[in-house]
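Got a chain to look over and want the main points in a quick back-and-forth? Have a look at the sequence and the model, then read on.

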Amino acid sequence: TCPYGGMRKTQAERPRRQALPRRCEGPLLVASYNINGSRGTLAAVLAQATQAKIDILLLQELHFYEDGEHGRVGLLADRQGWTLVHSPATRLDPSSGVAIAVRMDSRCVKPIVSSARSVIRGRYITMKCDINGTKK
């Protein structure tokens with residue numbers, strides 16, 4: 001019997017522990033980059049960040065509007081292996097535009113895209129992430 005008054009459970013009766021998610025090996029890498037509106041720069045920055053194994057990339061001055069050809073910033077990121085949330089520039093503030101990009105194959109972090117909030121359009125964006133199995 002168990003010293004606390006109950007019967008001791010056999011090995012088969014004990015609940016199995018859930019396997020912990022694989023931990024990130026090494027530090028979580030976060031980088032920031034000011035695109036300054038250059039059209040070709042975003043693809044190059046994403047490629048370099050992938051090569052450097054950056055986990056989270058914070059981008060500013062994207063200058064991309066929601067409509068037209070510049071509205072495809074999420075598709076560009078997706079093709080290069082990044083999940084991106086974007087608060088686009090406005091016509092009244094065309095030098096703005098911010099984004100958070102998370103590398104899809106990161107072992108450390110998974111974005112919670114549904115949590116993304118554009119607090120100040122084109123200037124301030126937030127997104128929760130699951131880091132090593134713990135939502136942050």
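What follows is a set of questions and answers on this predicted model.

Q: What is the mean pLDDT of the chain?
A: Since the model is predicted, confidence is a good place to start. Residues 1-21 have a pLDDT below 50, and beyond near neighbours in sequence this stretch has 10 contacts in the model. Across the chain, 71% of the residues reach 70 or more, and the mean pLDDT is 77.

Q: Which pattern does the chain follow when read along the sequence?
A: There are 2 helices and 7 strands to place. Read along the sequence, they give β-α-β-α-β-β-β-β-β.

Q: What share of the contacts with a separation of 6 or more comes from residues 24 or more positions apart?
A: For background, the chain has 136 residues, and buried ones make up 32% of them. Among the contacts with a separation of 6 or more, the share from residues 24 or more positions apart is 61%.

Q: Which strands stand at the edges of the open sheet?
A: The sheet has 4 strands in the order E1-E2-E4-E3, with mixed pairing. An edge strand here has a single partner, so one side of it is left without a neighbour in the sheet. That describes E1 (30-34) and E3.

Q: By how many degrees are neighbouring strands of the open sheet turned against each other on average?
A: The strands in question follow the order E1-E2-E4-E3. Ignoring direction, the average turn between neighbours in this sheet is 15 degrees.

Q: What is the bridge partner of Leu 57 in E4?
A: E2 and E4 pair in the antiparallel sense, over 5 bridges. Leu 57 takes part in this pairing, and its bridge partner in E4 is Ala 101.

Q: At about what angle does H1 run to E2?
A: H1 lies across E1, E2, E3 and E4. Against E2, the angle of H1 is about 160 degrees.

Q: Which element supplies the largest share of the largest nonpolar core?
A: That core has 17 residues, and Leu 42, Leu 57, Leu 59, Leu 62, Trp 82 and Leu 84 have the most contacts inside it. At least two residues each come from H1 (41-51), E2 (56-60), H2 (73-79), E3 (82-87) and E4 (98-103). The largest share is 4 residues, and the element supplying it is H1.

Q: How many residues does the second, separate core have?
A: Its members include Ile 56, Val 85, Val 109 and Cys 129. In total, this second core has 9 residues.

Q: Is Asp 55 buried or exposed?
A: Asp 55 lies in the loop between H1 and E2. Not counting residues up to four places away in sequence, its contacts include Pro 27, Trp 82, Val 102 and Cys 108. Its relative accessibility is 4%, and the cut-off for buried is under 20%, so Asp 55 is buried.

Q: With which side chain does the side chain of Asp 55 make a polar contact?
A: Ser 106 is one of the residues that Asp 55 touches beyond four places in sequence. The two side chains make a polar contact at 2.6 Å, so to speak a handshake between Asp 55 and Ser 106.Q: Which residue takes a positive phi near 80 degrees in the hairpin of E5 and E6?
A: E5 and E6 run antiparallel and are joined by 7 bridges. Across this pairing, Arg 117 stands opposite Thr 126, and Ser 118 stands opposite Ile 125. The hairpin has 3 residues between the strands, and the one with the positive phi is Gly 122.

Q: Which backbone nitrogen does the side chain of Ser 115 reach?
A: Ser 115 sits in strand E5 (residues 109-120) and counts as buried at 13% relative accessibility. Setting aside neighbours within four places in sequence, Ser 115 is in contact with Thr 126, Met 127 and Lys 128. At 2.7 Å, its side chain reaches the backbone nitrogen of Lys 128.

Q: Is Lys 128 buried or exposed?
A: Lys 128 belongs to strand E6 (residues 124-131). Its relative accessible area is 51%, and the cut-off for exposed is over 50%, so Lys 128 is exposed.

Q: How far apart in space are Lys 128 and Val 113, C-alpha to C-alpha?
A: In sequence, Lys 128 and Val 113 are 15 residues apart. In space, the C-alpha to C-alpha distance between them is 7.5 Å.

Notes. Residues numbered from 1 in each chain as written. Heavy atoms only, no water. Buried < 20%, exposed > 50% of the residue type's maximum accessible area, 1.4 Å probe, protein only. Core = buried A, V, L, I, M, F, W, Y, C linked by side-chain atoms within 4.5 Å. Polar contact = N/O pair within 3.5 Å; in protein donor to acceptor, adjacent residues only side chain to side chain. Contact = heavy atoms within 4.5 Å. Pairing = 2+ DSSP bridges. Axes fitted to C-alpha atoms, helices over the stretch in contact; angles between N-to-C directions. pLDDT = per-residue confidence, 0-100.
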